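This report describes the fold, the nonpolar cores and the internal spaces of one protein model. The sequence and the structure are shown first.

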Amino acid sequence: MSRVLFVAEMGSGFGHVRRLLPLAKAAAARGQQPTFLVSNPDEVAPLLHDAGFELRSAPTIGARHRLPVLGRAVAHTFADILGTAGFDDARSLAAATRAWDDLVSDLRPVAAVCELSPLLCLSAYAGQLPLLVTGYGFVLPPPELPQFPPLSRAQPQHAEAMLLDNVRAVLRARGRPVPDTLPALLAGDAHFVTGLDELDPYRELRSQAAVGPPGIEPGPVSRGAREEVFAYLLGDAPATLSVLTALARTGARGRVFVRRGTHEHRQAVTGGGLTWLERPGEMRRMLQGARLVVHHGSMLTAEETLLGGRAQLVVPLYLEHLLTARALVALGAARVLAAGSPPELMGDTIAAMRQDTSLARAAESFCARAADAGRSRTHAGRDRAALLNPR
């Protein structure tokens, strides 16, 4: 049985693995053996349990090579994200690339599919392993551009030319050709933007349009929501306790999941109409139960909520979240609260949104258009064709 790697080497959440899982199931259906390589295997293991796919740790560049590097508020371009993740150190970069070589040699895959995995892209560049690069807009800048476009007004933290020099030095030492540009490193043998075009910060610069998020069928969920709120928040974020306090004070009914939540978080919602969840639950079911989703702006949550026709309140933590939130606001489907907002303002905003039906109407209109466009069907056909027929 031929092995195909599914890799999410950067990131500390569930989203990247959840985006790769439908592609892995398609590979398994064709008789291939999926193996997942991730930065947080213990955390994502429950997602893969039912499928029975092998799960291992991906090589990294020390402790830096994980989120929240990706979402740094001070990032100017994707070069800053790569630089902070370890591409600013040629020696460490070479060592991590060798670790990828050893793992690939041991596993002997026929192909690899990756999301947000620049080290694998470097290791596989101009090599023998066919590589399909996927990812939503923010994590997959257009590889055909001469340089990474600016994402914010922040000052650059890393010189893109220096990072490219490091990449070239590693590849020359390996006897490989070198890329003309740093974005070209992310091209793979094929690449697909597996997100919503409307949430892509590089939308106007792409020569290849986004093909839609995997495994999400557009279409409004039931209008008969029994509860008012579903909150999906990060326990590590200082803003989370304020958001929970504000939610509880409004008297809202609903459910709350806090990833890496603490006893203090749980106590903040105890005794009211909010139910604390130990696990997040299947998102479609969460959407069926609530009219408003409160979250930080992770792409998969934003996509699922938008395509489910629900209103969103976004409390961004990182640059990526902020860009996603702005795109949702432009669609008329969300409001944004700064993470440092006082609980009183948060509470007033949540209370107002509980009565406002315009955001949900905008989301329902969007997902109806998405369903008509057949994005999920197009995505599945094109991605599987590239994945399941390695050279």
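In what follows, Ala, Val, Leu, Ile, Met, Phe, Trp, Tyr, Cys and Pro count as nonpolar, Asp, Glu, Lys and Arg as charged, and the others, Gly among them, as polar. The model is a predicted one.

**Pocket and cavities**

By these classes, the lining of the largest pocket divides into 15 nonpolar, 4 polar and 10 charged residues. The pocket has a volume of about 910 Å³. Its lining comprises 29 residues, and those nearest the pocket centre are Arg18, Leu47, Gly281, Glu282 and Met283. Two or more lining residues come from each of helix H1 (15-29), helix H2 (41-49), helix H9 (283-289) and helix H10 (299-307).

Enclosed space is also present, with 2 cavities of 30 Å³ or more in the structure. The largest cavity holds about 60 Å³. Phe78, Cys114, Leu116, Ser117, Pro118, Cys121, Val133, Val139, Leu140 and Leu186 line this cavity. Its lining has 9 nonpolar residues, 1 polar residue and no charged residues. The two spaces are set side by side below.

| Space | Volume | Nonpolar lining residues | Polar lining residues | Charged lining residues |
|---|---|---|---|---|
| Largest pocket | about 910 Å³ | 15 | 4 | 10 |
| Largest cavity | about 60 Å³ | 9 | 1 | no charged residues |

**Overall fold and cores**

The protein has 14 helices and 12 strands. Of its 391 residues, 58% count as buried. Among contacts with a separation of 6 or more, 68% are accounted for by residues 24 or more positions apart.

In soluble globular proteins, nonpolar side chains tend to be buried together. Here the largest nonpolar core has 69 residues, and Phe87 and Trp100 have the most contacts inside it. Helix H4 (residues 90-107) gives the most to this core, with 7 residues. Apart from this core lies another, of 28 residues, including Val17, Leu23, Val38 and Val293.

Not counting residues up to four places away in sequence, Phe87 touches Leu82, Leu93, Pro118, Leu119, Leu122, Leu163, Asn166, Val167 and Leu185. Two of these partners recur elsewhere in the description: Pro118 is in the lining of the largest cavity, and Leu93 is among the buried residues of H4.

**Helices H4 and H13**

H4 has 18 residues and reaches 26 Å from its first C-alpha to its last, close to the 26 Å expected at 1.5 Å a residue. Its buried residues are Leu93, Ala94, Ala96, Thr97, Trp100, Leu103, Val104 and Leu107. The cover over them includes strands S1 (3-8), S2 (33-38) and S3 (54-57), together with helices H3 (78-87), H5 (118-124) and H6 (160-173).

Helix H13 (residues 358-373) has 16 residues; its end C-alpha atoms are 23 Å apart, which agrees with the 22 Å that it should span at 1.5 Å a residue. The buried residues of H13 are Leu359, Ala360, Ala362, Ala363, Glu364, Phe366, Cys367 and Ala370.

**Two buried residues**

Phe36 is in strand S2. Its relative accessibility is 0%, so Phe36 counts as buried. Phe36 and Val4 are 32 residues apart in sequence, with their C-alpha atoms 8.7 Å apart in space. Beyond its neighbours within four places in sequence, Phe36 is in contact with Phe6, Val17, Leu20, Leu21, Ala24, Leu48, Phe53, Glu54, Leu55 and Arg56.

Thr349 lies in helix H12 (residues 343-355). Thr349 is buried because its relative accessible area is 14%, and buried means under 20%. Its contacts, leaving aside neighbours within four places in sequence, are with Leu313 and Leu337.

Methods
Residues numbered from 1 in each chain as written. Predicted model: local features only at pLDDT ≥ 70, side-chain atom pairs only at ≥ 80, totals over all residues. Heavy atoms only, no water. 1 Å grid on protein atoms, 1.4 Å probe; cavity = no way out; pocket = protein on both sides within 12 Å on 5 of 7 lines; lining within 4 Å. Points joined across faces, edges and corners; volume = space filled by probe spheres on them. Helix = DSSP H or I, 4+ residues; strand = E, 2+ residues; numbered from the N terminus. Buried < 20%, exposed > 50% of the residue type's maximum accessible area, 1.4 Å probe, protein only. Contact = heavy atoms within 4.5 Å. Core = buried A, V, L, I, M, F, W, Y, C linked by side-chain atoms within 4.5 Å. Expected span 1.5 Å × (residues − 1).
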